[in-house]
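Dear colleague,

I am handing over the structure we spoke about, and below it I have written up what was found in it. Please read the notes with the sequence and the model open beside them.

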Amino acid sequence: QVQLVESGGGLVQPGGSLRLSCAASGISFSGNSMGWYRQAPGKERELVARITTGGSTNYADSVKGRFTITRDNAKNTVYLQMNSLKPEDTAVYYCNTFPTVIRKNGMNYWGKGTLVTVSS
């Protein structure tokens, strides 16, 4: 049973930090590149960070230098450390495989995500 469970979101002040976690099951986690995606209100979902099976990382320009993606293959978990948060980082954050997302029953599968709100 494929499942992605994101956690760690919350309300944080500008300049603050959060660490997101995503536990994956039902997939070959160590055999997949993983990504963190986000969807802000009224906007399309976008990729913010990705990590390959070998640990190479890449970031969207908007988060470069502030966010760090890591993975623990023993725990089937991918993390996103977010520092120096800005109000424009407010979004629901999701993890998924990269470059293609998980397909389940003929449709793209997404977990429930975790909401990050950056506000004073």
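Which cysteine does the disulfide join to Cys 22? The partner is Cys 95, with an S to S distance of 1.7 Å. Please bear in mind that this is a predicted model, and that every value in this message was computed from it. A search of the whole structure finds 1 disulfide. Because Cys 22 lies in strand β3 and Cys 95 in strand β9, the bond ties together parts of the chain that are 73 residues apart in sequence. Both ends are covered: Cys 22 is buried, with a relative accessible area of 0%, and Cys 95 is buried as well, again with a relative accessible area of 0%.

The two strands that carry these cysteines are a convenient way into the rest of the fold.

Starting with β3, which spans residues 18-25, this strand belongs to an open sheet of 4 strands in the order β1-β3-β8-β7, paired in the antiparallel sense. The edges of that sheet are β1 (3-7) and β7 (67-72), each of which pairs on one side only, and the twist from one strand to the next averages 15 degrees. Between β1 and β3, which run antiparallel, there are 5 bridges, and among the residues involved Ser 7 has Ser 21 in β3 as its bridge partner.

Turning to β9, which covers residues 91-98, this strand is mostly covered, since 6 of its 8 residues are buried. It is joined by 7 bridges to strand β4 (residues 33-39), the two running antiparallel, and here the bridge partner of Tyr 37 is Tyr 94 in β9. Strand β9 also pairs with strand β12 (residues 114-118), in the antiparallel sense and over 3 bridges; in this case Ala 91 has Val 116 in β12 as its bridge partner.

The aromatic side chains bring the two tyrosines just mentioned back into view, together with a tryptophan. The count comes to 2 aromatic pairs. In one of them, Tyr 37 and Trp 110 meet edge-to-face, at 5.1 Å centre to centre and with 85 degrees between the planes. This pair links distant parts of the chain, as Tyr 37 is in strand β4 whereas Trp 110 is in the loop between β11 (107-108) and β12, 73 residues apart. Tyr 37 is buried, with a relative accessible area of 8%, while Trp 110 is partly exposed, at 22%.

Trp 110 also pairs with Tyr 94: the ring centres are 5.7 Å apart and the planes stand at 70 degrees, so this pair is edge-to-face. Because Tyr 94 lies in strand β9 and Trp 110 in the loop between β11 and β12, the pair ties together parts that are 16 residues apart in sequence. Tyr 94 counts as buried, at 12% relative accessibility. Taken together, ring pairs link Tyr 37, Tyr 94 and Trp 110 into a cluster.

Finally, Arg 45 is worth locating on the model alongside these rings. The charged end of Arg 45 sits over the ring of Trp 110, 3.7 Å from its centre, and Arg 45 also lies over the face of Tyr 94, at 4.5 Å from the ring centre.

With best wishes

Notes. Residues are numbered from 1 along each chain as its sequence is written. This is a predicted model: local features need pLDDT of at least 70, side-chain atom pairs count only at pLDDT 80 or more; totals for chains, interfaces and linings use all residues. Side-chain values use heavy atoms; hydrogens and water are left out. Two strands pair if DSSP finds at least two bridges between them. Axes are lines fitted to C-alpha atoms, for helices over the stretch in contact, and angles run from 0 to 180 degrees between N-to-C directions. Buried means under 20% relative accessible area, exposed over 50%, partly exposed in between (1.4 Å probe, protein chains only). Rings of Phe, Tyr and Trp (its six-membered ring) pair if their centres lie within 6.5 Å; planes under 30 degrees apart count as stacked, over 60 as edge-to-face and the rest as tilted. A charge sits over a ring if NZ of Lys or CZ of Arg is within 6 Å of the ring centre and within 35 degrees of the ring normal. A disulfide is a pair of cysteine sulfur atoms within 2.5 Å.
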